[in-house]
Amino acid sequence: MTSAIPVPAMTAPAVVAQHVQKVYGSGSAAIWALRDASLTVHAGEFVAIMGPSGSGKSTLLQLLAGLDVPTAGTIVLHGRCVSAMSDDQATAFRRRHVGFVYQSFNLFADLTVEENVAVPLMLDGSRPAEIRVRVADALARLGLSGRREHTPGRLSGGEMQRVAIARALVSEPAVILADEPTGNLDSASSERVLRDLRRAVDETGRTAIMVTHDPAAAAHADRITRLRDGVFVDA
Ligand code: ADP
């Protein structure tokens, strides 16, 4: 007879950073941005990373995105070891699986809202018809359909950040990394941006990791973890 006891489904964590070190420079000029940072984030989780300025938060996000390589330690995103990839492999992986949102929005000033959101799909070689549908869908989800022909200069800061979120989501990445996404926004715009990020996690089971100084922003996350001098102090 087989057992009737249900076996819980085991899902692999979405993000695992193990004993990550990052040293900039060498010798007496060496800066230890990360000393021994370990972090596990499960699929569908929204985690906020807090910590004083210079504690290594941005460095960790860069490493998670495969934009730079750790000095030691490993980083695994969705079962793939990002820290062992070549530049080209990391770029291709990032385009498919990671959406990045910056404090300063990083939109192209000369492109319209819909052109900005289309950039990741164009880089990916998607077909024009598919790009149109997916961009329209991403803009509708962020409440930006009425802004699609505007250039960023005609938008508020909050709208610019929501365009950046639409651009981060348009490739349907498994992981969203956000570095101080509300750092340049007033509190009402911040709330809206955070609700949009929260919804992107809740509706699709995506994983989000957000660096923030702001306790009100961090309160939107499922969990807050703190870096100090390159080490997670609550891990
Ligand atoms: P946080 O995001 O918590 O403010 P950072 O990750 O930006 O911290 O920086 C951690 C430490 O690493 C700081 O001392 C910073 O000056 C240093 N650092 C960051 N990036 C570089 C770099 N590219 N070259 C040299 N030092 C850097």
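1. Shell around the ligand. Helix α1 gives the largest share of this shell, with 3 residues. The model is a predicted one. Two elements, β2 (31-41) and α1 (57-64), each give two or more residues to the shell. The full set around the ligand is Y24, I31, A33, P52, S53, G54, S55, G56, K57, S58 and T59. By class, the shell residues split into 4 nonpolar, 6 polar and 1 charged.

2. Polar contacts to the ligand. Which atoms of G56, K57 and S58 come up to ligand oxygens? For G56, a backbone N or O atom sits 3.1 Å from an oxygen atom of the ligand. K57 uses its side chain: a polar atom there lies 2.8 Å from a ligand oxygen. S58 again offers a backbone N or O atom, at 2.8 Å from an oxygen atom of the ligand. The ligand alone would expose 560 Å², and the protein buries 59% of that.

3. Q161. This residue belongs to helix α5 (residues 157-169). Is Q161 buried or exposed? Its relative accessibility is 0%, so Q161 counts as buried; the cut-off for buried is under 20%. The side chain has a polar partner: one of its polar atoms lies 2.8 Å from the backbone oxygen of P181. Beyond four places in sequence, Q161 is in contact with V101, Y102, Q103, F105, P181, L185 and V193. P181 thus appears both as a contact of Q161 and as the residue whose backbone oxygen faces the Q161 side chain.

4. A168. Helix α5 also holds A168. A168 has 8% relative accessibility and therefore counts as buried. Setting aside residues up to four places away in sequence, A168 touches G99, F100, V101 and P173. V101 is among the contacts of A168, and V101 is also among those of Q161. How far is the C-alpha atom of A168 from that of A138? The two C-alpha atoms are 9.5 Å apart, while 30 residues separate A168 and A138 along the chain.

5. The aromatic pair. How many aromatic pairs does the structure hold? The count is 1. The pair is F100 with Y102: the ring centres are 4.6 Å apart and the planes meet at 25 degrees, so the pair is stacked. The limit that settles this is an angle under 30 degrees. Burial of the partners can be read from their accessible areas. F100 is buried, at a relative accessible area of 11%. Y102 is partly exposed, at 28%. Each ring residue also has a link to α5. F100 is touched by A168, and Y102 is in contact with Q161.

6. Helix α3. Which residues of helix α3 (residues 113-123) are buried? They are V113, N116, V117, A118, V119, P120 and L121. Their cover includes α4 (128-141) and α5. Helix α5 is also where Q161 and A168 are found. Just after α3, G125 takes a positive phi of about 80 degrees.

7. R198. Look next at helix α6 (residues 187-204), where R198 is found. Is R198 buried or exposed? R198 is buried, because its relative accessible area is 17% and the cut-off is under 20%. Not counting residues up to four places away in sequence, R198 touches F46, H220, A221 and D222.

8. Positive phi at E172. E172 is not a glycine, yet it has a positive phi of about 50 degrees. Where is E172 found? The residue is in the loop between α5 and β7 (175-179). E172 has 49% relative accessibility, so it counts as partly exposed. The class of exposed begins over 50%.

9. Positive phi at D229. D229 likewise has a positive phi, of about 50 degrees, although it is not a glycine. Its loop runs between β9 (223-228) and β10 (231-232). At 56% relative accessibility, D229 counts as exposed. Both residues are worth a look in the model: E172 in the loop after α5, and D229 in the loop after β9.

Notes: Residues are numbered from 1 along each chain as its sequence is written. This is a predicted model: local features need pLDDT of at least 70, side-chain atom pairs count only at pLDDT 80 or more; totals for chains, interfaces and linings use all residues. Side-chain values use heavy atoms; hydrogens and water are left out. Helices (H or I, at least four residues) and strands (E, at least two) are DSSP runs, numbered from the N terminus. Buried means under 20% relative accessible area, exposed over 50%, partly exposed in between (1.4 Å probe, protein chains only). A polar contact is a pair of N or O atoms within 3.5 Å; within protein, one must be able to donate a hydrogen and the other to accept it, and residues adjacent in sequence count only if both atoms are side-chain atoms. Contact means heavy atoms within 4.5 Å. A residue is near a molecule or strand if one of its heavy atoms lies within 4 Å of it. Accessible areas come from the Shrake-Rupley method with a 1.4 Å probe; for residues, only the protein chains shown count as cover. Ala, Val, Leu, Ile, Met, Phe, Trp, Tyr, Cys and Pro count as nonpolar, Asp, Glu, Lys and Arg as charged, and the others, Gly among them, as polar. Rings of Phe, Tyr and Trp (its six-membered ring) pair if their centres lie within 6.5 Å; planes under 30 degrees apart count as stacked, over 60 as edge-to-face and the rest as tilted.
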